[in-house]
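Visitor: I am new to this structure and would like to be walked through it with a few questions.

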Amino acid sequence: MNKIEVIGQDIVLNYLKEIVKNKKVGSSFLFSGSKGIGKTTCALWLAQILNCKDKNPPCGKCLSCIKIYNKNHPDLTIIEPISNFIKIDQIRDFQKEIYYKPYLNNYKIYIIKDAHKLIEEAQNCMLKTLEEPPDASIIILIAEIESSLLPTVISRCQKINFAKIIPQDIKDYLINKYQAADSNLDLLINLSKGSLGKTQKFLQNPNLLKMRAKILDLILNIPNLNLFNIIELSNKLEEYKDNLEYMLEILLSWFRDLILLKYNLTDYIINKDKILELKEQMNFYSLWQINKAINLILEFKINFYRNINLRLLLQNILIKLMEL
Ligand SMILES: [Zn+2]
């Protein structure tokens, strides 16, 4: 069966089904929410239901459903960042192509993945197409960090927010589909904070747990660091640049746990396996300092997407965390 399967996003799916049924589908969407919670999968599912002729789409059996499932449908284009950014040429290419009629079906679908990585010129360049979209074309922007998008872009799209998936839904799906019986499954689901994609990545890549161990070691040692250690550490951390988003998530989860612990909300803690270390560090930081650390990490995330030198950014954030 070549039916796209979306897990834990029933509210969004029902809404989209409704607008398709009532023929009220707009020409551009912004699917926003954290990584790995089904935004791209849902965009592909929408492509299937829009182009499938079955009474109850998607059928998963027709040529269109099969081609969308295999991502080789001539009317489906997926635009992704090249070396971490979506550049103006990529947008110009798609703008030339979008005015041709669909080859096979009703709609041409353009999915722009990681739209928060669109450089500003590319976003400005895209405005014209968003303002005057050709018939029979649908553009779906997929973004994690909406603040990286220009308000003029956001206002031209129909915005759909994706909620995090309930941990039990992720667990049931992984156990049913992959017979996943990893002893760390609960921890991995917690670390992924409602992201099925992230949990799958953790399961497939044991190095991520090793990276977590190193980062937690680093956080616990922050008070003892000196400038020399910081330069050395930022060079080491740069090795993980392909998994930077996970690195930042792990850092954020730690400081978030410290806040929860201050309020005695232990049930909601992510890093449950490190409760002793968390308790020890909780007494070291004030709530104000923890909030400052969280803001520093969030700021780092935005600067990283703005293409600022990674090693310098890492040095900078470590110095600031040391000086909290
Ligand atoms: Zn079909």
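Visitor: What percentage of the residues in the protein is buried?
Guide: The model is a predicted one. A residue is taken as buried if 20 or more other C-beta atoms lie within 10 Å of its own. Among the 324 residues of the protein, the buried share is 33%.

Visitor: What radius of gyration does the protein have, and why does it agree or disagree with a compact globule?
Guide: Along its principal axes, the C-alpha trace spans about 65 × 45 × 30 Å. For a compact globule of 324 residues the radius of gyration would be near 20 Å, and the protein agrees with this because its own value is 22 Å.

Visitor: Which helix gives the largest share of the largest nonpolar core?
Guide: This core has 52 residues, and those that touch the most other members are Phe31, Ala43, Ile112, Ile140, Leu141 and Ile142. The largest share of the core amounts to 8 residues, and the element that supplies them, spanning residues 39–51, is helix H2.

Visitor: Where does this core lie with respect to the domains?
Guide: Residues of the core come from domain 1 (10–161) and also from domain 2 (166–204). Since both contribute, the core lies between domain 1 and domain 2.

Visitor: Which residues does Ile140 touch, leaving aside those up to four places away in sequence?
Guide: Ile140 is one of the core residues that touch the most other members. With residues up to four places away in sequence not counted, Ile140 touches Phe29, Phe31, Ala43, Ile109, Tyr110 and Ile111.

Note on methods:
Residues numbered from 1 in each chain as written. Predicted model: local features only at pLDDT ≥ 70, side-chain atom pairs only at ≥ 80, totals over all residues. Rg over C-alpha atoms; globule rule 2.2 N^0.38 Å. Buried ≥ 20, exposed ≤ 12 C-beta atoms within 10 Å, placed from the backbone. Core = buried A, V, L, I, M, F, W, Y, C linked by C-beta atoms within 7 Å. Helix = DSSP H or I, 4+ residues; strand = E, 2+ residues; numbered from the N terminus. Domains from an automatic or database assignment. Contact = placed C-beta atoms within 7 Å.
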